[in-house]
Amino acid sequence: MQSEIIVASSLSVRFNEQTVLDDVSFAVRKGEVFALLGGNGAGKSTTLKTFLGTVQPSAGSAMVLGMSVADEISTIRSKVAYLPESVTLYGHLSGVENIEYFLSLAQISRTSDEIADALNRVALQSAAWNRAMSHYSKGMRQKVAIALALLREAPVLFLDEPTSGLDPNAIDEFNQLIAALASEGTTVFMVTHDVYGACQIAHRIALLDQGKIVGMFERGEASHIDTEAVHTAFSARNKR
Ligand SMILES: Nc1ncnc2c1ncn2[C@@H]1O[C@H](COP(=O)(O)OP(=O)(O)OP(=O)(O)O)[C@@H](O)[C@H]1O
Ligand SMILES: [Mg+2]
């Protein structure tokens with residue numbers, strides 16, 4: 001079994017004349033929660049998008065599940081789950097209807113019991129299951145997206161600022177769910193500017209500044225990454 005699930009090899013990205021990513025390399029292992037941390041405009045979302053094939057690198061390569069993004073993007077997209085900063089789905093459909101619709105597009109068939117199990121697992125209140133998603137809060141929409149990923153049995157989750165705009169209880173709940181999925185073997189790549197949140201949830205944090213990786217922090221045997229150390233490195237880079 002392939003143990004390096006997400007690999008960036010000397011990735012560079014240029015938009016017009018601007019170098020947005022500069023020689024970025026890292027590898028995310030199976031079952032790892034890897035956070036890319038950096039200030040606004042550091043290049044976090046751009047890095048994530050190179051794995052989804054929506055941004056083309058000017059140099060270097062991106063691999064997911066042993067497949068090259070340049071060559072096998074459709075297979076990669078059919079396997080991974082991506083939660084953008086704001087999960088929208090279809091507002092006029094309910095959570096259950098959205099799930100049924102996206103499963104049918106992916107030609108995956110699941111029973112209503114299996115859908116109910118997934119929605120229970122992400123702890124979406126059952127009163128909301130059949131209400132139009134336009135009435136859902138951000139946290140509720142995110143739960144539906146994760147339930148869909150569970151039903152698709154996605155081995156990899158890409159998350160862009162997943163906890164921004166969630167209340168503290170929703171963040172705790174979200175973190176516990178992500179930790180449980182990772183311990184079951186799901187590989188999680190998230191981008192965030194939240195130092196504290198990244199330290200709580202990630203096994204490893206890469207600090208990105210102006211398109212370059214300038215620090216790497218590991219949890220090791222500790223229960224979480226040392227917030228103070230990451231905060232010091234982060235603010236030294238972001239005070240200009
Ligand atoms: N499609 C694009 N065309 C031109 N420039 C872009 C494009 N996408 C991003 N950029 C530029 O690339 C840089 C990095 O953007 P990116 O969205 O990756 O940052 P980020 O770290 O995700 O920031 P934030 O925390 O604000 O989401 C910014 O200077 C941005 O203006
Ligand atoms: Mg971003």
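This dialogue explains how to read several features of a predicted model.

Q: What should be known about the model and its numbering?
A: This is a predicted model, in which local features need pLDDT of at least 70 and side-chain atom pairs count only at pLDDT 80 or more, while totals for chains, interfaces and linings use all residues. Residues are numbered from 1 along each chain as its sequence is written, chains are lettered from A and ligands numbered from 1 in the order in which they are written, and side-chain values use heavy atoms, with hydrogens and water left out.

Q: How many residues surround ligand 1?
A: A residue is near a molecule if one of its heavy atoms lies within 4 Å of it. Here 13 residues surround ligand 1, and the closest are Gly41, Gly43, Lys44, Ser45 and Thr46. By class, the shell holds 3 nonpolar, 8 polar and 2 charged residues. In this count Ala, Val, Leu, Ile, Met, Phe, Trp, Tyr, Cys and Pro are nonpolar, Asp, Glu, Lys and Arg are charged, and the others, Gly among them, are polar.

Q: Which side chains have a polar atom beside an oxygen atom of ligand 1?
A: A polar contact with a ligand is a pair of N or O atoms within 3.5 Å. For Asn40, the distance from a polar side-chain atom to an oxygen atom of ligand 1 is 3.0 Å; for Lys44 it is 2.7 Å. An N or O atom in the side chain of Thr46 lies 2.5 Å from an oxygen atom of the ligand.

Q: Which elements give two or more residues to the shell around ligand 1?
A: Helices (H or I, at least four residues) and strands (E, at least two) are DSSP runs, numbered from the N terminus. The elements in question are strand S2 (18–29) and helix H1 (44–52). H1 gives the largest share, 3 residues.

Q: Why is Glu153 called exposed?
A: Buried means under 20% relative accessible area, exposed over 50%, and partly exposed in between (1.4 Å probe, protein chains only). Glu153 is exposed because its relative accessible area is 60%. Glu218, in strand S10 (residues 212–218), counts as exposed at 54%. Tyr101, in helix H3 (residues 95–105), is partly exposed because its value is 33%.

Q: What is notable about the phi of Leu65?
A: Most residues other than glycine have a negative phi. Leu65, although not a glycine, has a positive phi of about 55°. Leu65 lies in the loop between strand S4 (59–64) and strand S5 (67–68). Glu153 also has a positive phi of about 55°, and lies in the loop between helix H5 (138–151) and strand S7 (156–160).

Definitions and conventions. Polar contact = N/O pair within 3.5 Å; in protein donor to acceptor, adjacent residues only side chain to side chain.
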